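Visitor: I should like to take a close look at a single part of this model. Please begin from that part and then set it in its surroundings.

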2 protein chains.
Amino acid sequence: MNGMIFTAEELAYLAAQPLGRLATLAPDGTLQNNPVGFEVNAEEGFIDIGGWRMGGSRKFANIRQNPEVSFVVDDIASLQPWTVRGMEIRGRAEAVTGVPRGAEDFLSGEVIRIRPRRIRSWGIPDGEAGSARWTPLPETP
Amino acid sequence: MNGMIFTAEELAYLAAQPLGRLATLAPDGTLQNNPVGFEVNAEEGFIDIGGWRMGGSRKFANIRQNPEVSFVVDDIASLQPWTVRGMEIRGRAEAVTGVPRGAEDFLSGEVIRIRPRRIRSWGIPDGEAGSARWTPLPETP
């Protein structure tokens, strides 16, 4: 995957948000949706989701069965007028193991690595409602 | 569906949160995840998600094809120590039309109505991490 899939404004926005929400699909066809911390690798163009006991989690098992994910990062930009801004990142994820975690050794060595295929953002950078765009990305070979 | 499926603490928590995130499944098998406002009907035991142009939205179309949803409401209870609390509500949703919206006439008359089948909450009310519980609910006939 080619890097630089996010704009500078999007990278700044993602860096400022402490949580995103990851939707995965369970083998029985039900959906799962969880708040997660995340880290963007701007050069490589992926997003890593780690966490405490990630390797034993249901979401980690889910994406091993079905890699489709949707990851949304949003916040309330203004209460008056009511304005929600954010980004929705759709793509496929892989269950990566053996990731060195450095100082954050309370986290496990497993991460969910999202390779974006479509990125939708709204209200970034200008806060305007309804300014959604979709960025179709090349398929990974 | 029988009412009173939420505890008093859960109802208070939900009432205090301005946004949740709704995961739906598109007909092509990809996932969608969106920040949404919501309203809990405690007596009837459902959650309504409305919004501007709901009837024309992709999520509304998604649940007409596949009613499975996962709806998560969460926030950061404490930065130090890092504590996220919230609720994940899984179930089936219906695309309801012709809902009277009263004073909020900028919203459309369509809502996504979630009938919870499983409710997981963590950190409510006591903020303790890892205190997840699942409440299995009776199947709707």
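How many residues lie between β1(B) and β2(B) in the hairpin that they form, and which residue in the turn has a positive phi?

Guide: Five residues separate β1(B) from β2(B) in the hairpin, and G29(B) in the turn has a positive phi of about 90°. The model is a predicted one, in which local features need pLDDT of at least 70 and side-chain atom pairs count only at pLDDT 80 or more, while totals for chains, interfaces and linings use all residues. Residues are numbered from 1 along each chain as its sequence is written, and chains are lettered from A and ligands numbered from 1 in the order in which they are written. Helices (H or I, at least four residues) and strands (E, at least two) are DSSP runs, numbered from the N terminus.

As to the phi angle, most residues other than glycine have a negative phi, and most peptide bonds are trans.

The two strands of the hairpin run antiparallel and pair over six bridges, pairing being a matter of at least two DSSP bridges between strands. Within this ladder, L22(B) of the hairpin has N34(B), in β2(B), as its bridge partner. Strand β2(B) is mostly covered, since five of its six residues are buried (20 or more other C-beta atoms within 10 Å of the residue's own; 12 or fewer is exposed, in between is partly exposed; C-beta atoms are placed from the backbone).

Helix α2(B), residues 58-65, bears on the hairpin. Its residues K59(B), F60(B), N62(B) and I63(B) are buried. Because these four span an arc of only 160° around the axis, they lie on the same side of α2(B); the arc is that of the directions from the helix axis to the C-beta atoms. R58(B) and Q65(B), on the other side of α2(B), are exposed. The cover over the buried residues of α2(B) includes both hairpin strands, β1 and β2, together with β5, β6 and β7 (111-122) of chain B.

The hairpin also takes part in the meeting of the two chains. Chain A and chain B each give 23 residues to the contact, where two residues are in contact if their C-beta atoms, placed from the backbone, lie within 7 Å. On the side of chain B that touches chain A, at least two residues come from each of β1 (20-25), β2 (31-36), β5 (68-78) and β6 (83-96). Strand β5(B) has the largest share of that side, with seven residues.

A rotation of 180° with 0.0 Å of shift along its axis brings chain B onto chain A, at an RMSD of 0.0 Å; the fit is by least squares on the C-alpha atoms of residues with pLDDT of at least 70 in both copies. This is the relation of a two-fold axis. The C-alpha of chain B nearest to that axis belongs to A23(B), at 3.0 Å. Both copies use the same surface, as 100% of the contact residues of chain B recur in chain A.

One feature of the chain appears beyond the hairpin in both copies. In chain B, the peptide bond from Q80(B) to P81(B) is cis, with omega near 0°, and P81(B) sits in the loop between β5 and β6 of that chain. In chain A, the bond from Q80(A) to P81(A) is likewise cis, with omega near 0°, and P81(A) occupies the loop between β5 and β6 of chain A.

The interior can be followed from I114(B). Among the 48 residues of the largest nonpolar core, V69(A), I114(A), V69(B) and I114(B) have the most contacts inside it. Such a core is a set of buried Ala, Val, Leu, Ile, Met, Phe, Trp, Tyr and Cys residues joined through C-beta atoms within 7 Å. Beyond four places in sequence, I114(B) touches F46(B), I47(B), V69(B), F71(B), I89(B), G91(B) and A93(B).

F46(B) leads on to the start of the chain. M4(B), in the segment before α1 (8-16) of chain B, is 42 residues from F46(B) in sequence and 9.7 Å from it in space, C-alpha to C-alpha. M4(B) counts as exposed because it has 11 other C-beta atoms within 10 Å. Outside four places in sequence, M4(B) is in contact with A42(B) and G45(B). G45(B) belongs to the loop between β3 (39-41) and β4 (46-49) of chain B, and its 18 C-beta neighbours inside 10 Å make it partly exposed.
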